[in-house]
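Me: I'm new to reading protein models and would like to learn how to go through one step by step. Could you walk me through this one?

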Amino acid sequence: MSTLSLRSHFLSPTSPPKLDSSKTLIFCTSFNENAKRFAFFKGTSTRPRIVCSSSSSSKDAFSDNIPSNFCIIEGPETVQDFVQMQLREIQNNIRSRRNKIFLLMEEVRRLRVQERIKGVKGIDESSEEEANEMPEMTSSIPFLPHVTPKTLKQLYLTSLSFIAGIIAFGGLIAPTLELKLGLGGTSYEDFIRSMHLPLQLSQVDPIVASFSGGAVGVISALMLIEANNVEQQEKKRCKYCYGTGYLACARCSASGVCLSIDPLSVVSTASDRPLQVPTTKRCPNCSGAGKVMCPTCLCTGMLMASEHDPRIDPFD
Amino acid sequence: MSAVLLWVVCPVENAQPLLSLVPRNGRRGRSCKLSSTGVSAACSSAVAHPSRSSEERVYEVVLKQAALVREQRGERALDLKKPIESDDMADWNLLNEAYQRCGEVCAEYAKTFYLGTLLMTPERRRAVWAIYVWCRRTDELVDGPNASHITPKALERWDKRLNDLFQGRPYDMFDAALSDTVAKYPVDIQPFKDMIEGMRLDLRKSRYENFDELYLYCYYVAGTVGLMSVPVMGIAPESKASTETVYNAALALGIANQLTNILRDVGEDARRGRIYLPQEELARAGLSDDDIFRGKVTDKWRNFMKGQIKRARKFFDEAEKGVGELNSASRWPVWASLLLYRQILDAIEANDYNNFTKRAYVGKAKKLVSLPVAYGRALMGASDLAKLVVR
């Protein structure tokens, strides 16, 4: 069984800040008996320190790397967690963490495979047919239910038959039966006149008329479908932050700066200086970002299934 | 059941001696000890409970709320409590947008409730939306998709945010909307804190031994909402009833709503491993948790449900006594919500008490019919209501 262990040194908020520290990020992976060591380190300025571990249990490695002060509700100080780091260190940290995520997901995949092999056998053979080609998608045509391969075929059939029928009707049946628009066989011109519409409408060329009718139909259909699509995409957005993942900081009204009101300084210099324009300082709430985390979607911007999901709650 | 009788029978006249014992601004811990003797003395005619029941503790909170409202009415003129905010004008746009979003969230997640708020005045509507959004966000912390990441520390932080927003320092835009609301209306922080406490309770508990525990839970998650909204709805100036009565009625409405929810969602909650019905009462009816998980409607279940529905209806009756005392503009929406929710109990009965697989819901037609009925009842004041024959 291959083991994976990571050790990375970074300034955690609890440890005392080391201003001259060099960033060293090491990944060591040891595969079985190969003892293949892949060490990757990056130093900023001075001596790089190499720390390599080939411990078998990955549990210890993770337990001291995952910060224990993780909390889903943000406070004003959470963005300040890594304030001590320099820019280069921050970039290195970002890179190392992204690597970590990738490796962890790979582990989850392998664990899932093991789980599948060991336990979850034969629970649902029926669901295999469902996992065929198309996953269930909501239809982009309004009022239609979910789209599956079956309904898609039905849609093709119905649409084609409708088109054929209309072409047959317009091209063959109507002229043969001499169907006129109005009641009792009134012609087009009489119809226009009886409806009191402007008379030039009766002079419209048939080709122009059919082209305009078709174009209007297509354009309005596209418009409806687009509106429906937008509505469905909106349904997937987090309702609190409108899909942005962030809410406006109330302290600075989303500007990022607050007035620094310091009564003592005003009093002391009142005699010799006139009133000064109040200075602004960086907002302590959002650290100047102007926005704070949306606690509902945890900055993903997406609507997540809650107990009011239509699967559980179809009548609301 | 005896605890319920204590609550229902104990009339308002006993509130006077109780008031003298409850200190005005004392911490809840201190006031609890002081008034324990007072409550048992005043209600000694009713069944004597050795330890204080939830009803008594909740009643104290109600009294404190009423007392605070009276105090705040005097202080409002001087406006001593609220700190001076320097950037009010700059926040106005943000505030408007925040209220707007609160309305959208409300419309999205509670359609019928949203329609009810449209019956209120615009100012009250916005205030109720802000309160709704805060309550919903709090509820989602323990019941929503991120509930697996919730820690006591997160709830502490949420509590701190609540304190800050009550002092005029909101964290994000939705907090800002609530902060503005509590600045405009005399809303107290205690019901909000109690709601967070209820969330903490929900994390630990999935079974309730007796009605006393269930009552406390219902207070935490729904009774508090009633207490939060009374200052927004406002009490009619010509009302002769005491503030306590109105708060009690609001509390009863909240409890009734929550009991209705519980009775409607038995199956759904069971699927998530939660049973809110009191274990003692289930045992007395000869039912067990397994019967609920199995989901079969038996005669024992029908009898049990009949008793539960009867108790919920009693709370609705309690609530009806106070609706007439509210501000005339607020009576219609409150009546409408009361009547609508009451009909859910009828729907459960119509489903032959099958709340395992069938969801009892009130059809749109019935909902629409309730509106003019509610309007009619809202037009009558409290004095006329007393003349009607009570069911």
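Here is a walk through the two chains, the contact between them and some salt bridges.

Me: What should I know before I start?

Reply: This is a predicted model, in which local features need pLDDT of at least 70 and side-chain atom pairs count only at pLDDT 80 or more, while totals for chains, interfaces and linings use all residues. Residues are numbered from 1 along each chain as its sequence is written, chains are lettered from A and ligands numbered from 1 in the order in which they are written, and side-chain values use heavy atoms, with hydrogens and water left out.

Me: How many helices and strands does chain A have?

Reply: Start with the rule: helices (H or I, at least four residues) and strands (E, at least two) are DSSP runs, numbered from the N terminus. In chain A that gives 7 helices and 6 strands. Read from the N terminus, their order is β-β-α-α-α-α-α-α-β-β-α-β-β.

Me: And how many of each are in chain B?

Reply: Chain B has 19 helices and 0 strands.

Me: What share of each chain counts as buried?

Reply: Buried means under 20% relative accessible area, exposed means over 50%, and partly exposed is in between (1.4 Å probe, protein chains only). Chain A has 316 residues, and 22% of them count as buried. For chain B, with 391 residues, the figure is 54%.

Me: What about the accessible surface of each chain?

Reply: These areas come from the Shrake-Rupley method with a 1.4 Å probe; for residues, only the protein chains shown count as cover. Chain A comes to about 23,100 Å², with 63% belonging to carbon and sulfur atoms. Chain B exposes about 17,600 Å², and carbon and sulfur atoms supply 56% of that.

Me: Which contacts link residues 24 or more positions apart, and what share do they make up?

Reply: A contact means heavy atoms within 4.5 Å. Take the contacts with a separation of 6 or more: in chain A, residues 24 or more positions apart account for 61% of them. In chain B, that share is 76%.

Me: Now the place where the chains meet. How many residues does each chain bring to the contact?

Reply: Chain A brings 36 residues and chain B brings 37 residues. Buried area is the accessible area (1.4 Å probe) that two parts lose on being put together, summed over both. Between chain A and chain B it is about 3,500 Å², and carbon and sulfur atoms give 57% of this. On the side of chain A that touches chain B, you'll find 21 nonpolar, 8 polar and 7 charged residues. Here Ala, Val, Leu, Ile, Met, Phe, Trp, Tyr, Cys and Pro count as nonpolar, Asp, Glu, Lys and Arg as charged, and the others, Gly among them, as polar.

Me: How many salt bridges are there across that interface?

Reply: First the idea: side chains of opposite charge can pair when their charged atoms come close. The rule asks for a side-chain nitrogen of Lys or Arg within 4 Å of a carboxyl oxygen of Asp or Glu. Across the interface of chain A and chain B, it finds 0. Over all chains, the count comes to 32 salt bridges.

Me: Where does the salt bridge of Glu106(A) and Arg110(A) sit?

Reply: Both residues lie in helix H2 (residues 87-118) of chain A, 4 residues apart, about one turn of the helix. Their side chains meet at 3.2 Å, N to O. Glu106(A) is partly exposed because its relative accessibility is 27%, and Arg110(A), at 36%, counts as partly exposed too.

Me: Are Arg311(B) and Glu281(B) buried or exposed?

Reply: Arg311(B) is buried, with a relative accessible area of 3%, and Glu281(B) is buried at 7%. The two side chains form a salt bridge (2.9 Å, N to O). Arg311(B) belongs to helix H16 and Glu281(B) to helix H14 of chain B, so the pair ties together parts that are 30 residues apart in sequence.

Me: Which residues are linked in a network of salt bridges?

Reply: Arg137(B), Arg161(B), Asp172(B) and Asp175(B) are linked that way.

Me: Can we finish with a loop residue? Where is Glu325(B)?

Reply: Glu325(B) is in the loop between helix H16 (299-323) and helix H17 (328-350) of chain B. With a relative accessible area of 10%, Glu325(B) is buried. The C-alpha atoms of Glu325(B) and Ser239(B) are 5.5 Å from each other, though the two residues are 86 residues apart along the chain.
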